[in-house]
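Work through the exercises below with the sequence and the model in view. Try each task before reading its solution.

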Amino acid sequence: QVQLVESGGGSVQAGGSLRLSCATSGVTYSRNCMAWFRQVPGKAREGIARIYTGGTYYADSVKGRFTIYQDNAKNTLYLQMNSLKPEDTAMYYCATRPFAGAQSCAGRLVSYEYDYWGQGTRVTVSS
């Protein structure tokens with residue numbers, strides 16, 4: 001049974017940093033795409049980062065500021081967020097889907113392709 005539990009959200013001033021964690025169970029990283037999404041009320045869920053066998057993808061909105069990585073020994077996915085901006089304020093979710101061929105962990109990061117989700121952790125960035 002797949003379970004994802006996010007933590008690490010909070011309130012921070014613009015320019016600050018946070019590290020989000022996603023504790024996973026029932027997930028084999030070598031066989032699953034792992035991703036972070038975020039959502040603000042009234043807007044679609046935005047895919048911001050993905051990792052699979054070391055290869056990463058970042059949305060333009062976070063490229064150069066956020067880093068996705070995973071610790072296989074701890075079964076944990078991370079999102080290091082630096083140089084935070086007020087527009088980064090959102091609920092952040094980790095998600096996973098089984099690897100199903102070369103295109104399954106490539107290209108645009110869209111929420112409907114992901115099967116399992118955590119409950120989310122809130123990030124608030126004040127100016």
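**Exercise 1.** Which kind of link do the side chains of Arg-97 and Glu-113 form?

Solution. This is a predicted model, in which local features need pLDDT of at least 70, side-chain atom pairs count only at pLDDT 80 or more, and totals for chains, interfaces and linings use all residues. Residues are numbered from 1 along each chain as its sequence is written, and side-chain values use heavy atoms, with hydrogens and water left out.

Step 1. Recall the term: a salt bridge is a side-chain nitrogen of Lys or Arg within 4 Å of a carboxyl oxygen of Asp or Glu.
Step 2. Apply the term: Arg-97 and Glu-113 meet in a salt bridge, with 3.3 Å from N to O.
Step 3. Locate the partners: Arg-97 is in strand β9 and Glu-113 in the loop between β9 and β10, 16 residues apart. Strands (E, at least two residues) and helices (H or I, at least four) are DSSP runs, numbered from the N terminus.
Step 4. Classify the partners. Buried means under 20% relative accessible area, exposed over 50%, and partly exposed in between (1.4 Å probe, protein chains only). Arg-97 has 13% relative accessibility, so Arg-97 is buried. Glu-113 has 28%, so Glu-113 is partly exposed.

**Exercise 2.** Find the salt-bridge partners of Asp-88, and place each of them in the chain.

Solution.
Step 1. Start from the total: the whole structure has 5 salt bridges.
Step 2. Take one partner: Arg-38 meets Asp-88 at 2.8 Å, N to O. Arg-38 lies in strand β4 and Asp-88 in the loop between β8 (76–81) and β9, so this salt bridge ties together parts 50 residues apart in sequence.
Step 3. Take another partner: Arg-65 meets Asp-88 at 2.7 Å, N to O. Arg-65 sits in the loop between β6 (55–58) and β7 (66–71), 23 residues from Asp-88.
Step 4. Check burial: Asp-88 has 1% relative accessibility and therefore counts as buried. Arg-38, at 7%, is buried, and Arg-65 is buried too.
Step 5. Join the pairs: salt bridges with shared partners connect Arg-38, Glu-46, Arg-65 and Asp-88 into one network.

**Exercise 3.** List the disulfides and give the handedness of each.

Solution.
Step 1. Recall the term: a disulfide is a covalent bond between the sulfur atoms of two cysteines. The cut-off is a pair of cysteine sulfur atoms within 2.5 Å.
Step 2. Search the whole structure: there are 2 disulfides.
Step 3. Cys-22 and Cys-94 form one, with sulfur atoms 2.0 Å apart. The S-S torsion of Cys-22 and Cys-94 is about 55°, so this disulfide is right-handed. Cys-22 is in strand β3 (residues 18–25) and Cys-94 in strand β9 (residues 90–98), 72 residues apart. Both Cys-22 and Cys-94 are buried.
Step 4. Cys-33 and Cys-105 are joined by a disulfide, S to S 1.4 Å. The S-S torsion of Cys-33 and Cys-105 is about -70°, so this disulfide is left-handed. Cys-33 and Cys-105 are both buried.
Step 5. Number the bonded cysteines in sequence order: the pairing is 1-3, 2-4.

**Exercise 4.** Describe the surroundings of Thr-121.

Solution.
Step 1. Thr-121 belongs to strand β11 (residues 121–126).
Step 2. Thr-121 counts as buried because its relative accessibility is 9%.
Step 3. Contact means heavy atoms within 4.5 Å. Not counting residues up to four places away in sequence, Thr-121 touches several residues, among them Glu-6, Gly-9, Leu-20 and Tyr-92.
Step 4. A polar atom of the Thr-121 side chain lies 3.0 Å from the backbone nitrogen of Gly-9.

Key:
Polar contact = N/O pair within 3.5 Å; in protein donor to acceptor, adjacent residues only side chain to side chain.
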